[in-house]
Amino acid sequence: VVTELATPPPPPPPPTGLTVRVNPSTTFQTIRGLQAASQDGSMECKAYSRYQSALHGRLVNEVGLTRLTTALRSGMEDTMDFFPLWQSGQWTMTQWRPEWFTPVNDNADPFVTDSSKFHWSFLDWHIEKVIQPIRARLLADRGDSLYVVLTVVDFKTATHGSLTRPFDVVKNPDEYAELVTMAFIHLQQKYGWVPNALELTLEPEHSAVYGVDLGRAAVAARARLAGKGFHPDIIAPSTTGLLNGSTYWDQMLTIPGARQALSVLGYHRYTQISDSAVRFIGDRYTRDNVPTAMLEYNEATFDHLYQDLTVGMTSTWMAFAAAFCSQSPNPTNKGVYYGVGIADTLNPTINITNEAKLYRQVFNYARPGAVRLGTTAGDTLLRPLAFRNANGAIVAVIQTRGAATFNVTGLPLGTYGVNWSTPTGQWNVEEAQRVGVDSVRVTMPAAGVLTV
């Protein structure tokens, strides 16, 4: 018997025209997810109950949110609880707001706690209105766990709080550790879970707190929390200034034990903005083997996201709030993912913002645990990103500066979906699936972001 060997099929012809290439052997940071401050109209919007469920579903399933922050205000340590006064209408916001960041020490000994001086009513209200529902929705709809960040807020400015107050909690490491540990104990006892991360303090420049102060607070908090069985990620310095992100980080590392206590280098983008400042953040990722996270900028765009991912090596990214409500939602609002229109309070409308239409092209597809891959592009018209999800699936994301037809190459054999969005025209457009053998050919009709 003579067996005739089958002739193998010829290789596919090389693609012609514009090309993006994915290089799976080149790997960078691991993605941790899209984050938001858990402001969604729950406090100020009378129509909240009418849109809450729909908004939370869209945050989870449309924009790809997986992380939320909730505030631990320093004024939660005080002689009385002021939140019920505002909640019942006895106080106005103008009366209540100065108490947010005017802590009164429970006693002079940070190792002997008077639990009656810690008040959690606002924290509980916020968790039950926003955190718990989204936590349940993310698990039910996508099988993912919500990553919760407890952010200490301790502003000391004429705008945000009190210029004079009884004591500065962040500058007293053991008092700081007492406050955050009491919060963790309360949340564990009441809800059966604790935050995944502690953000040491929000924008320390607002309270004249410096890197060395944060380093000491991190060491004290880590030790006290660990003594109670809590081991959250610790995020810092979360500076207002982009350049301060790296300089404060270096100052923190001068404190013995601080590097062991710190898990993530967080930064904001409000001041000191430059290309070199972003590079300095990425340098710390490489030098110190630390994940970086851009955690607030209310003028953020997809261009900022791209630079933070590729230069700052960010693993977590956040514009600002989940949603704002107003009479007429502004789609150009860069600080939020959704605007809720309440001109008709009986029928509120939920509108994704223009920039969030583009962010979703990354975070709805590159899920927490995805590793960023190397990419090249043959033309400046195209700016590519690529990721390998934890299940092995490859995701390519390409920002186009205009209309373009191009090939995405370097893809393993598989069936690929194509979805694209433009900021002011069509968005979340799902095309027919196609089989990729190294290359998938796609078309963007206008400037926007396309995901394969």
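Buried means under 20% relative accessible area. The model shown in these close-ups is predicted.

**View 1. Phenylalanine 118 and tryptophan 120 form a stacked pair.** The structure holds 20 aromatic pairs. In this one, the ring centres of phenylalanine 118 and tryptophan 120 are 6.1 Å apart. Their planes meet at 20°, so the pair counts as stacked. Phenylalanine 118 has 5% relative accessibility, so this residue is buried. Tryptophan 120 is buried too, at 10% relative accessibility.

**View 2. Phenylalanine 184 and phenylalanine 230 form a tilted pair.** The two centres lie 5.6 Å from each other, with 45° between the planes. This pair links distant parts of the chain. Phenylalanine 184 belongs to helix α5, residues 173–191. Phenylalanine 230 sits in the loop between α6 (211–227) and β6 (233–241). The two residues are 46 apart in the chain. Phenylalanine 184 has a relative accessible area of 0%, so this residue counts as buried. Phenylalanine 230 has 9%, so the buried label applies here as well.

**View 3. Ring pairs join several aromatic residues into a cluster.** The phenylalanines are Phe83, Phe101, Phe122 and Phe155. The tryptophans are Trp86, Trp96, Trp100 and Trp125.

**View 4. Arginine 73 lies over the face of tryptophan 100.** The distance to the ring centre is 3.5 Å. Tryptophan 100 is also one of the cluster residues in View 3.

**View 5. Arginine 67 lies over the face of tyrosine 147.** Here the distance to the ring centre is 3.8 Å.

Key. Residues numbered from 1 in each chain as written. Predicted model: local features only at pLDDT ≥ 70, side-chain atom pairs only at ≥ 80, totals over all residues. Heavy atoms only, no water. Phe/Tyr/Trp six-rings, centres within 6.5 Å; stacked < 30°, edge-to-face > 60°. Buried < 20%, exposed > 50% of the residue type's maximum accessible area, 1.4 Å probe, protein only. Helix = DSSP H or I, 4+ residues; strand = E, 2+ residues; numbered from the N terminus. Lys NZ or Arg CZ within 6 Å of the ring centre and 35° of its normal.
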